[in-house]
Amino acid sequence: MSTPEVPARSGFRAPPPWVVFLFIGLGVAAVGAAFFIPLRQPPIVSQDPKVIPPAFFDAPPFVLTERNGATVDNTALDGKVWVASFAFTRCKYCPSVQTTMARLRGEMKLKESDDFRLVTFTIDPEHDTPDELKKYAQNVTDAADTRWLFLHGPERFIRLLCVRGFKVAVERDDQADVSERYRHFLGLMVIDKKGRVRGEFLGKPSSREGDDKTVEQGKKEFDRSYEELKAKVTELLAEPADAK
C-alpha cells in the first residue's frame with residue numbers, strides 16, 4: 001500500500017485571533033477619525049501686507065447664487081482675471097474693501113472689460129440673502145452690472161470654500177457686536193486666467209486707529225500694496241489664457 005503524499009507546507013501561519021482584532025480595530029479608528037478632522041485650519045500668515053504664495057494654487061470650484069438669482073459656478077470665470085473678496089453686509093470694515101475693488105476697476109478702466117471680473121463672497125449667508133446683497137451692491141455698482149458678482153451659498157460650504165479652498169481665516173463670534181460677528185480675511189485675492197491664485201493684497205489700510213504715526217504707517221502700507229495690486233492685474237491681463 002502506497003503512503004499518501006503530505007502537502008508541502010507553504011510557510012504561512014495564520015496570525016493569532018488577537019492580532020486580527022487589533023488590526024481591524026485600528027482600521028475602524030482611522031476611518032472614524034477622518035470624520036472628526038476639524039474644519040478650522042490655520043490660515044496662511046505673512047508679515048508682509050502683500051502675500052505672494054510660494055507656489056500658485058488653484059482657486060476652489062464652487063456653485064453659488066448671484067444676487068440676481070442666477071446660479072453661477074467657477075467656470076464662468078475661466079479665461080478671466082478676477083479679484084475676490086470675502087465680506088458680510090453688516091461688517092464695519094468690509095465697505096472699505098469693496099471701495100478698494102471699485103477704485104481698482106475704475107482707475108484701470110476695467111468696468112467694461114470682458115477679461116476682468118470682481119467677485120464678492122458673503123460669509124454670512126444666513127443674513128445676506130440675495131436681496132440683502134442687492135442692496136449692499138448698490139453702494140459700489142449698479143444693479144445691471146454683471147461683471148461684479150455678489151455670491152451667496154450654504155454657510156458650511158462657504159466656510160469650506162474660504163478655509164480649505166482659498167486658505168483664509170473665517171471665525172464666527174456670536175458674543176461680538178453684529179458689525180464684528182465674523183473675524184475674517186480683509187484682503188483681496190487675485191486669480192489668473194487659468195484659475196490660479198497669484199497673490200494676496202491689502203483690501204484696506206491696516207490700521208485706522210492709534211496714534212498718528214500708526215495710522216500713517218497703515219496708509220503707506222496700503223498704498224504700496226494697492227500699487228502692487230494694479231501692477232499684478234496688469235501683468236495677468238497681458239498673459240494669454242493658456243499661459244503656464
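Mentor: Let's start with one word: a residue is called buried when its relative accessible area is under 20%. Keep in mind too that this is a predicted model.

Trainee: Then what makes strand S5 mostly covered, and how many of its residues are buried?

Mentor: Seven of the seven residues of S5 are buried. Each of them therefore falls under the 20% cut-off. The strand spans residues 116–122.

Trainee: Which residues of S5 cover each of its two faces?

Mentor: On one side sit Phe116, Leu118, Thr120 and Thr122, and on the other Arg117, Val119 and Phe121, all of them buried. Both faces of S5 are covered as a result.

Trainee: How do you know that S4 and S5 pair, and in which sense do they run?

Mentor: Pairing needs at least two bridges between two strands, and S4 (residues 81–87) and S5 share seven, in the parallel sense. Because seven meets that minimum, they count as paired. Two of the positions to look at are Trp82, whose bridge partner in S5 is Arg117, and Ala84, which stands opposite Val119.

Trainee: And on the S6 side of S5, how many bridges are there?

Mentor: Four bridges join S5 to S6, and these strands run parallel. Leu118 has Trp148 in S6 as its bridge partner. The chain gets from S5 to S6 through H3, in a right-handed β-α-β crossover.

Trainee: Why is a crossover called right-handed?

Mentor: Look with the strands pointing away from you: the path from the first strand over the helix to the second runs clockwise, so the crossover is called right-handed. S4, H2 and S5 make a β-α-β unit of that hand as well.

Trainee: Where do those two helices lie on the sheet?

Mentor: Helix H2 (residues 94–107) lies across S4, S5, S6 (148–152) and S9 (187–191), at about 165° to S4. Helix H3 (residues 130–137) lies across S2 (63–66), S4, S5 and S6, at about 150° to S6.

Trainee: What is the order of strands in the sheet, and which are its edges?

Mentor: Eight strands form an open sheet with mixed pairing, in the order S1-S10-S9-S4-S5-S6-S2-S3. S1 (57–58) and S3 (71–73) are called edge strands, as each pairs on one side only.

Trainee: S1 is a short name on that list; how many bridges join S1 to S10?

Mentor: Two bridges join S1 to S10, running antiparallel. The minimum is at least two, so this pair meets the rule. Asp58 stands opposite Arg196 in S10.

Trainee: What links S9 with S10?

Mentor: They form a hairpin with four residues between them, and Gly195 in the turn has a positive phi of about 80°. The two strands pair antiparallel over five bridges, and Leu188 faces Phe201 in S10. Like S5 in this respect, S10 (residues 196–202) has seven of seven residues buried.

Trainee: Why is Val72, in edge strand S3, called buried?

Mentor: Val72 has 10% relative accessibility, which is under 20%, so it counts as buried. Leaving aside neighbours within four places in sequence, Val72 is in contact with Phe62, Val63, Leu64, Glu66, Leu149 and Leu151. Its C-alpha lies 9.8 Å from that of His152, 80 residues apart along the chain.

Trainee: Are Cys91 and Cys94 buried or exposed?

Mentor: Cys91 has a relative accessible area of 5% and Cys94 one of 1%. Both values are under 20%, so both residues are buried.

Trainee: How many disulfides does the model have?

Mentor: A disulfide needs two cysteine sulfur atoms within 2.5 Å, and by that rule the count is zero.

Trainee: What makes the span of helix H4 close to expectation?

Mentor: H4 (residues 155–166) reaches 15 Å from its first C-alpha to its last, close to the 16 Å expected for its twelve residues at 1.5 Å a residue. Its buried residues include Ile158, Leu161, Val163 and Phe166. Just after H4, Lys167 takes a positive phi of about 65°.

Trainee: And how does the whole protein look by these counts?

Mentor: There are five helices and ten strands, and 42% of the 244 residues count as buried. Among contacts between residues at least 6 apart in sequence, 73% join residues at least 24 apart.

Technical notes: Residues numbered from 1 in each chain as written. Predicted model: local features only at pLDDT ≥ 70, side-chain atom pairs only at ≥ 80, totals over all residues. Heavy atoms only, no water. Contact = heavy atoms within 4.5 Å. Axes fitted to C-alpha atoms, helices over the stretch in contact; angles between N-to-C directions. Buried < 20%, exposed > 50% of the residue type's maximum accessible area, 1.4 Å probe, protein only. Expected span 1.5 Å × (residues − 1).
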